[in-house]
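Please look over the sequence and the model below. Then read this short report on how the parts fit together.

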Amino acid sequence: MVNNVKQQAQEKMQKAIQALKRDLLTLRAGRANPAILEKVQVEYYGSEVPINQVANISVPDPRTLLIQPWDKSSLGDIERAILKSELGLTPNNDGNVIRISIPALTEQRRNELVKLARKMGEDAKVAIRNVRRDANDELKKLEKNGEVPEDLARRSVDDVQKVTDNSIKETDQVVASKEEEIMEI
């Protein structure tokens, strides 16, 4: 029962870290990365679908994204979706494919992106701490109901804290890595 609580807490903390990594992928770091288009939704035959379900996205060089739609009639819809997204990218439609040039980031924009990455990291840490609190509450409840001895409950609380500390450290490393990537010239 106690191991189940610890296991669930660890899994939830890992999910928070994975969500952080996914969110950080959408931050533009000055070089082309298809992941920045992941949240772009294209209107395709009356429904909103992710851009990667209507087109192939490739990176022919470090500053260019190439979008090849499977259905050429959807070129305009893809272009509109990119313009409508708040990515600040300008698509170049040549009738067959869409090219997006990724401009170099200004120092001010880099600093804004670093702040945003830190905020995302802080949000992930809050989620991890909330998981810790819930796990500790569950352990205390088990102890109070007499289902678990007091010493085992205390040891388990310490174990949950160790997992929390490791998760926070991993979150910091992920954010630091993204900051490095953003600040590269």
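## Salt bridges along a helix

In this predicted model, the side chains of Glu112 and Arg109 meet in a salt bridge, with 3.2 Å from N to O. Where do the two residues sit? Both belong to helix H3, which spans residues 107-144. Glu112 and Arg109 are 3 residues apart there, so about one helical turn separates them. Side chains of opposite charge can pair when their charged atoms come close.

How exposed is each partner? Glu112 is partly exposed, with a relative accessible area of 38%. Arg109 is also partly exposed, at 33% relative accessibility.

Another pair is Glu138 and Lys141. Their closest N and O atoms are 3.8 Å apart, and they form a salt bridge. These residues too are 3 residues apart in H3, so about one helical turn lies between them. Glu138 is partly exposed, with a relative accessible area of 32%. Lys141 is partly exposed as well, with a value of 45%.

A third salt bridge joins Arg129 to Glu122, and here the closest N and O atoms are 3.7 Å apart. Arg129 has a relative accessible area of 32%, which makes it partly exposed. Glu122 is partly exposed at 37% relative accessibility.

The table sets these three pairs side by side.

| Salt bridge | N to O distance |
|---|---|
| Glu112 and Arg109 | 3.2 Å |
| Arg129 and Glu122 | 3.7 Å |
| Glu138 and Lys141 | 3.8 Å |

How many salt bridges does the count come to? The count comes to 15.

## A network and its lysine

Which residues are linked with Arg129 in a network of salt bridges? They are Glu122, Lys125 and Asp172.

Lys125 lies in helix H3. Is Lys125 buried or exposed? Its relative accessibility is 13%, so Lys125 counts as buried, the cut-off being under 20%. Leaving out residues up to four places away in sequence, Lys125 touches Ile168, Thr171 and Asp172. Asp172 is thus named twice: as a contact of Lys125 and as a member of the network.

Asn92 makes a contrast in position. Lys125 and Asn92 are 33 residues apart along the chain, and their C-alpha atoms are separated by 39 Å.

## Helix H1 and its neighbours

Two packed helices are described by the angle between their axes and the distance between the axes.

Take H1 and H3. Their axes come within 10 Å and cross at roughly 170 degrees. Angles over 145 degrees count as roughly antiparallel, so H1 and H3 are roughly antiparallel to each other. Residues of H1 in this contact include Val5, Ala9, Ala16 and Asp23. On the H3 side, the residues include Ala117, Met120, Ile128 and Glu138. By class, the contact has 17 nonpolar, 1 polar and 4 charged residues. Glu138, met above in a salt bridge with Lys141, is one of the residues of H3 that meet H1.

Now take H1 and H4. H1 covers residues 2-25 and H4 covers residues 150-183. The two helices pack at an angle of about 10 degrees, and their axes are 10 Å apart. That makes H1 roughly parallel to H4. From H1, the contact residues include Lys6, Gln10, Gln14 and Leu25. From H4, they include Leu152, Asp159, Val163 and Lys178. By class, this contact has 11 nonpolar, 6 polar and 5 charged residues.

Some residues of H1 take part in both contacts. Among them is Met13, which is listed with H4 and with H3. Leu20 is another, in the contact with H4 and in the contact with H3.

## Strands and hairpins

Which strand pairs with E1? Strand E1, residues 41-44, is joined to strand E2, residues 47-50, by 4 bridges, and they run antiparallel. Val42 has Val49 in E2 as its bridge partner. E1 and E2 form a hairpin with 2 residues between the strands, where Tyr45 takes a positive phi near 50 degrees.

E3 and E4 also form a hairpin with 2 residues between them. E3 covers residues 55-61, and 5 bridges join it to E4 in the antiparallel sense. Ala55 has Pro69 in E4 as its bridge partner.

E4 has a further partner. Strand E6, residues 98-101, pairs with E4 in the antiparallel sense over 4 bridges. Leu65 stands opposite Ile100 in E6. How many of the residues of E4 are buried? Of its 6 residues, 5 are buried, so E4 (residues 64-69) is mostly covered.

Conventions. Residues are numbered from 1 along each chain as its sequence is written. This is a predicted model: local features need pLDDT of at least 70, side-chain atom pairs count only at pLDDT 80 or more; totals for chains, interfaces and linings use all residues. Side-chain values use heavy atoms; hydrogens and water are left out. Axes are lines fitted to C-alpha atoms, for helices over the stretch in contact, and angles run from 0 to 180 degrees between N-to-C directions. Angles under 35 degrees count as roughly parallel, over 145 as roughly antiparallel, 65 to 115 as roughly perpendicular and the rest as oblique. Contact means heavy atoms within 4.5 Å. Ala, Val, Leu, Ile, Met, Phe, Trp, Tyr, Cys and Pro count as nonpolar, Asp, Glu, Lys and Arg as charged, and the others, Gly among them, as polar. Buried means under 20% relative accessible area, exposed over 50%, partly exposed in between (1.4 Å probe, protein chains only). Two strands pair if DSSP finds at least two bridges between them. A salt bridge is a side-chain nitrogen of Lys or Arg within 4 Å of a carboxyl oxygen of Asp or Glu.
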